[in-house]
Amino acid sequence: MERPRHDRRGKSARVGARSPWWIAALVVSTVFVGWRLAGAGSVTAQVDPSAPRHESAQLAAVTSASSASAVERVEAATPERIALGKALFFDESLSEPRGTSCASCHDPAHAFAGTHGSTLGVPLGSRPGHYAKRNAPSLLYLKYVRRFHLHWEEDAPLVDAYGGFFWDGRVDSLVDLVRQPLLNPDEMNGQSAAAVASRIASGPNADAFRSEFGAALDDPETAMKALGQAIEAFLLSPPMAPFSSRYDEYVRGRAALTPLEMRGLKLFKDSAKGGCAACHKMDDGSKSPERSLFTDYAFDAVAPPRNRAIPATRDPAYFDLGLCERRDAEYKAQAEQFCGSFRTPSLRNVAVRAAFMHSGTFHDLREVVSFYATRSTNPKRWYRHGVVFDDVPPAYREYVQVDKAPYNRQEGESPALDEGEIDAVVAFLGTLTDAQSPPSR
């Protein structure tokens, strides 16, 4: 059978003819949601009039009124609230049993990502034998994450999804985000809002919590909201977006990259070679590091090999379907084109992370780059059980990205990047590590 053709993100153009009802629904819901959010006080995109035309258009595409960033949706936090949020982030008394904090899985030493001592690629929970479903992403630079929204390019066959927190973009609020791992039985196992409120009331931060939020601890749901607001203030504070890497100094004109790093930068941008910048957006021609967030906040299906170390994968019927597992009717995002798609992570500080991909299937950065470079030309190297795209159900494998570099080659052909070029890209990625990370305590 002839392989279906895909648009720029690898999604089949045949779907539009096969499922017109949900595409129409997506368009209607996109217009409605954009109107609703804009009416709720979202901020219209501010485009630098001095920027080149293509640069202005690119910025507007990711800063629409319907997708305001987290920093635009939170009141200016006081130093006291930020300090309380930080203390609660590191508070090991909130889990059951005690001993696991937010920082256990989002470790400052690993760019606020991590595995909590697990060797499986996904974090260990507060109890032995319990593991998170997915790899813990970095919590740095969250202030730039846009709301989850849908966007349909005029000439594109399918709708694209962008933004939101978590790998599947399922919440737009950090207040809501905090609640989920805290109460998840496989993560912090906080059990209930009442139990968490009781732990705060008897814990080391009780006085500061009451000083900041008054009688919030008297009502469990109010306490949970206040807890989320405090941790949100910390996560959105300036130290959590330091822009202190060598790359940042390079674009500011204060530092130089080595010849190997410069070669890697060129390959990173080259649409016929690494093709990385197509999804990991950056602009080394701008002196503003904020122009280089190294993600477009979009969703894509790249089909990393199945992480068979995760206990859930012992069931051959288990698949993490990512974005299409959403059940919010407003966005209709459970359409099958999104199955197997996960949000593109920022590559800032990628070199200090302990695990990679949504499933944590890789533990070495060079191995990740090698996977991207040779997935199509040497699939047997990655899919060792004989099934290509083995962590995506057969019905959804047509949506895996196959058209753009480095995926647009056939088995047996020369890969998009040779070994020396892979080394160069890895060297460049090392320049994205911040020199000044937020203090751990």
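**A first walk through the model**

Hi everyone, let's start with how the chain folds back on itself: among contacts in the protein with a separation of 6 or more, 68% are between residues 24 or more positions apart. Please keep in mind that this is a predicted model. The protein has 441 residues, and buried residues make up 54% of them. As for secondary structure, there are 14 helices and 4 strands.

Now, a word on confidence. The mean pLDDT of the protein is 85, with 80% of its residues at 70 or more. The stretch to watch is residues 1-67, where the pLDDT is below 50. Even so, beyond near neighbours in sequence, that stretch has 118 contacts in the model. Where pLDDT is low, the predicted coordinates should not be read in detail. So please treat the contacts of residues 1-67, where pLDDT is below 50, with that in mind.

Let's move on to the cysteines. How many disulfides does the structure hold? The count is 1. That disulfide joins C324 to C339, with an S to S distance of 2.2 Å. The link of C324 and C339 is right-handed, with 100° about the S-S bond. Both cysteines sit in the loop between β3 (299-300) and β4 (342-343), and the pair, 15 residues apart, links distant parts of the chain.

Are C324 and C339 buried or exposed? C324 is buried, because its relative accessible area is 4%, under the 20% cut-off. C339 is buried as well, with a relative accessible area of 3%.

Other cysteines stay unpaired. C105 is in no disulfide, and the nearest cysteine sulfur, that of C102, is 8.8 Å away. A disulfide needs the two sulfur atoms within 2.5 Å, so at 8.8 Å C105 and C102 do not count as a pair. C105 is buried too, with a relative accessible area of 15%. C276 is likewise in no disulfide: its nearest cysteine sulfur belongs to C279, 9.3 Å away.

Next, the spaces inside. The structure holds 3 cavities of 30 Å³ or more, and I'll show you two of them.

Which residues line the largest cavity? They are K133, R134, N307, I310, T313, Y318, F319, D320, H358, S359 and D391. About 80 Å³ of space lies in this cavity. By type, its lining divides into 3 nonpolar, 4 polar and 4 charged residues.

The second largest cavity has a volume of about 50 Å³. Around it you will find A303, P304, D320, G340, F342, H358, D391 and V392. Here the lining divides into 4 nonpolar, 2 polar and 2 charged residues. If you have the structure open, look for D320, H358 and D391, since these residues appear in the linings of both the largest and the second largest cavity.

My last stop is one arginine. R366 lies in helix α12, which covers residues 365-374. How accessible is R366? R366 is partly exposed, because its relative accessible area is 26%, a value between the 20% and 50% cut-offs. What does R366 touch, leaving aside its neighbours within four places in sequence? It is in contact with E419, I422, D423 and V426. Looking at the backbone, the C-alpha atoms of R366 and L429 are separated by 9.9 Å, while these residues are 63 apart along the chain.

That's my tour. Thanks for listening!

Notes: Residues numbered from 1 in each chain as written. Predicted model: local features only at pLDDT ≥ 70, side-chain atom pairs only at ≥ 80, totals over all residues. Heavy atoms only, no water. 1 Å grid on protein atoms, 1.4 Å probe; cavity = no way out; pocket = protein on both sides within 12 Å on 5 of 7 lines; lining within 4 Å. Points joined across faces, edges and corners; volume = space filled by probe spheres on them. Nonpolar A, V, L, I, M, F, W, Y, C, P; charged D, E, K, R; others polar. pLDDT = per-residue confidence, 0-100. Contact = heavy atoms within 4.5 Å. Helix = DSSP H or I, 4+ residues; strand = E, 2+ residues; numbered from the N terminus. Buried < 20%, exposed > 50% of the residue type's maximum accessible area, 1.4 Å probe, protein only.
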